[in-house]
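Student: I would like to learn how to read disulfides, strand pairing and nonpolar cores in a model. Please take me through them one at a time.

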Amino acid sequence: MSDTVNGSVARRRVRTALAAGAVAAALLAAAVPAAAPATARSAGLVAAPVPACRGGQLVPGGAERLGADAVRVTVVNEGPTACVLRGHPTVALAGQGSPGSARALAVVREGGVRSVVLPVGGVAQTRIAFAPVLGEADGYCASGIEPFAAPSMVVGVAGARLQVAPDDGGNFAVCGTVVRATAFRPAS
């Protein structure tokens with residue numbers, strides 16, 4: 001009987017030790033991101049989280065026309081470190097080319113938001129669409145309201161106001177005070 005009692009005690013101790021080892025392994029696995037390289041995971045190293053982008057590290061990359069009613073605006077991370085950009089831009093047209101005399105536009109947010117990790121030099125983009133001005137030089141709005149044209153656009157991102165001009169040297173001409181914008185995403 002003593003062998004049976006001692007044997008069951010020994011088996012319980014082995015099970016307890018195995019369970020404790022499994023818990024420790026699970027805690028370690030949760031602490032190290034799965035995306036970390038295998039060598040970092042096996043060494044127990046954990047990457048620091050990437051901070052949110054700050055306006056001072058983002059600069060305008062350009063405003064490419066996408067037909068008469070949209071523009072693709074890009075921003076570039078000029079560092080000094082990688083950052084995460086998330087969300088939709090704010091938009092204004094800069095009257096007389098000056099951010100100080102900007103005309104704020106309401107932004108209808110399109111699409112889901114996701115985090116975009118921008119390494120130093122990394123580029124993110126948003127698509128901004130608007131009701132276009134119709135006709136030639138003295139254009140008109142289908143709605144009958146007065147069109148508004150400006151040589152540049154002010155895009156609010158990460159607390160900064162970045163001024164961009166169309167890549168073709170023309171003006172931004174819009175009807176109304178509402179635009180649609182996608183969330184920032186990696187440049188393609």
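**Disulfides, strands and cores**

Tutor: Start with the disulfides: a search of the whole structure finds two. Keep in mind that this is a predicted model.

Student: Which cysteines does each disulfide join?

Tutor: Look for sulfur atoms within 2.5 Å of each other. C53 and C83 form one such link, with their sulfurs 2.1 Å apart. C141 and C175 form another, at 2.0 Å from S to S. Counting bonded cysteines along the chain, the pattern is 1-2, 3-4.

Student: What is the handedness of each link?

Tutor: Read the torsion about the S-S bond. For C53 and C83 it is 80°, and the link is right-handed. For C141 and C175 the torsion is about -95°, so that disulfide is left-handed.

Student: Where in the chain do the partners of the C53 and C83 link lie?

Tutor: C53 sits in the loop between α2 (38-43) and β1 (58-65). C83 belongs to strand β3 (residues 83-85). The two are 30 residues apart, and the pair links distant parts of the chain.

Student: And where are C141 and C175?

Tutor: C141 is in the loop between β7 and β8 (148-150), while C175 is in strand β11, so the link ties together parts 34 residues apart in sequence.

Student: Are these cysteines buried or exposed?

Tutor: Compare the relative accessible area with the cut-off: buried means under 20%. C53 has 10%, so C53 is buried. C83 is at 0% and counts as buried. C141 and C175 are both buried.

Student: Next, the strands. Which strands pair with β7?

Tutor: Count bridges and note the direction. β7 (residues 123-132) pairs with β2 (residues 70-77) in the antiparallel sense over seven bridges. In that pairing, A70 stands opposite A129. β7 also pairs with β11 (residues 172-182), again antiparallel, over five bridges. There, F130 faces V179. Two bridges join β7 to β12 (residues 185-186), also antiparallel. Q125 stands opposite R185 in β12.

Student: What makes up the largest nonpolar core?

Tutor: Find the residues with the most contacts inside it. This core has 16 residues, and V71, V73, L93, I128 and M153 have the most contacts within it. β2, β4 (90-94), β7, β9 (152-157) and β11 each supply at least two residues. β11 gives the most, with four.

Student: What does V73 touch?

Tutor: Leave aside neighbours within four places in sequence. The contacts of V73 then include G62, A63, A124, I128, M153 and V164.

Student: Which residues are in the second core?

Tutor: That core is separate and has twelve residues, among them C53, L58, V75 and F184. C53 is also a partner in the disulfide with C83.

Key:
Residues numbered from 1 in each chain as written. Predicted model: local features only at pLDDT ≥ 70, side-chain atom pairs only at ≥ 80, totals over all residues. Heavy atoms only, no water. Pairing = 2+ DSSP bridges. Core = buried A, V, L, I, M, F, W, Y, C linked by side-chain atoms within 4.5 Å. Buried < 20%, exposed > 50% of the residue type's maximum accessible area, 1.4 Å probe, protein only. Contact = heavy atoms within 4.5 Å.
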